[in-house]
Amino acid sequence: ADGVNAALLQALPRQVAAGDASPLAGQSVPRALDLLAKLAHGAMAVAAGGVPRYFPAASLPASAGVGPLAQWHASLRRALRHDEHPWQAGLLIEALVTEGARAFTVRGAPGRGASLHSKR
């Protein structure tokens with residue numbers, strides 16, 4: 001009913017890694033922040049060798065490591081504390097997705113393949 005379905009959850013990690021905030025268009029700020037925080041949590045779990053809780057492991061792109069993901073997660077937690085603030089929603093979500101895309105950038109990590117942003 002709120003527009004979050006299995007297709008969105010499957011596609012969101014790769015789209016955020018590519019810097020694409022469009023899947024979150026139309027979501028409330030609290031809902032978008034919740035989804036991004038769950039994505040960051042899952043990515044940190046995988047980067048630390050664990051199992052993600054909210055997203056399928058196969059849908060999570062390789063990351064630059066736990067450190068950049070933890071920084072992104074901290075930004076999301078700060079925003080979540082003020083999720084009812086009268087944000088300019090589009091700008092807030094775009095900024096946090098951009099930060100997430102940076103956290104997913106792979107720079108020569110052994111066995112991880114090329115960066116999703118290698119052509120930028």
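Which residues are linked in a network of salt bridges? Before selecting them, note that this is a predicted model, in which local features need pLDDT of at least 70 and side-chain atom pairs count only at pLDDT 80 or more, while totals for chains, interfaces and linings use all residues. Residues are numbered from 1 along each chain as its sequence is written, and side-chain values use heavy atoms, with hydrogens and water left out.

**First stop: the network**

Select Arg31, Asp34 and Lys38, which are the residues linked in a network of salt bridges. A salt bridge here is a side-chain nitrogen of Lys or Arg within 4 Å of a carboxyl oxygen of Asp or Glu, and a search of the whole structure finds 2 of them. Between Asp34 and Arg31 the closest N and O atoms are 3.7 Å apart, and between Lys38 and Asp34 the N to O distance is 3.2 Å.

Now colour helix H2, residues 29-47, where Asp34 and Arg31 both lie, 3 residues apart, or about one turn of the helix. Lys38 and Asp34 also both lie in helix H2, 4 residues apart, again about one turn of the helix. Helices (H or I, at least four residues) and strands (E, at least two) are DSSP runs, numbered from the N terminus.

With a surface display switched on, Asp34 is partly exposed at a relative accessible area of 25%, Arg31 is partly exposed at 28%, and Lys38 is partly exposed at 26%. The word buried means under 20% relative accessible area, exposed means over 50%, and partly exposed lies in between, with a 1.4 Å probe and protein chains only.

**Second stop: the whole chain**

Zoom out to the cartoon, where the protein has 4 helices and 0 strands and follows the pattern α-α-α-α along the sequence. Of its 120 residues, 42% are buried. The protein exposes about 6500 Å², of which carbon and sulfur atoms supply 54%; these accessible areas come from the Shrake-Rupley method with a 1.4 Å probe, and for residues only the protein chains shown count as cover. Among contacts (heavy atoms within 4.5 Å) with a separation of 6 or more, residues 24 or more positions apart account for 71%.

**Third stop: H2 against H3**

Keep H2 in view and add H3: their axes come within 9 Å and cross at roughly 155°, and the two helices are therefore roughly antiparallel to each other. Axes are lines fitted to C-alpha atoms, for helices over the stretch in contact, and angles run from 0 to 180 degrees between N-to-C directions. Angles under 35 degrees count as roughly parallel, over 145 as roughly antiparallel, 65 to 115 as roughly perpendicular and the rest as oblique.

The crossing of H2 and H3 is left-handed, a term used if the near helix is turned anticlockwise from the far one by less than a right angle, with right-handed used if clockwise. To see the interface, show side chains including Leu33, Asp34, Leu36, Ala37 and Met44 of H2, which belong to a group that meets residues of H3, among them Leu69, Trp72, His73 and Leu76.

Next select Arg77, which lies in helix H3 and is partly exposed, with a relative accessible area of 43%. Its C-alpha atom is separated by 7.4 Å from that of Ala37, although the two residues are 40 residues apart along the chain.

**Fourth stop: H3 against H4**

Move on to helix H3 (residues 66-80) and helix H4 (residues 89-103), which pack at an angle of about 165° with their axes 8 Å apart. That angle makes H3 roughly antiparallel to H4, and H3 passes H4 in a left-handed crossing. Side chains to display here include Pro68, Trp72, Ser75 and Ala79 in H3, and Leu96, Glu99, Gly100 and Ala103 in H4.

**Last stop: H1 and the loop after it**

Return to H1, which packs with H2 at an angle of about 75°, their axes being 11 Å apart. That makes H1 roughly perpendicular to H2. Leu8, Leu9, Leu12, Pro13 and Val16 in H1 meet Leu35, Leu36 and Leu39 in H2.

Finally, select Ser22 in the loop between helix H1 (6-17) and H2; Ser22 is partly exposed, with a relative accessible area of 47%. Add Gly90 to the selection: Ser22 and Gly90 are 68 residues apart in sequence and 9.6 Å apart in space, C-alpha to C-alpha.
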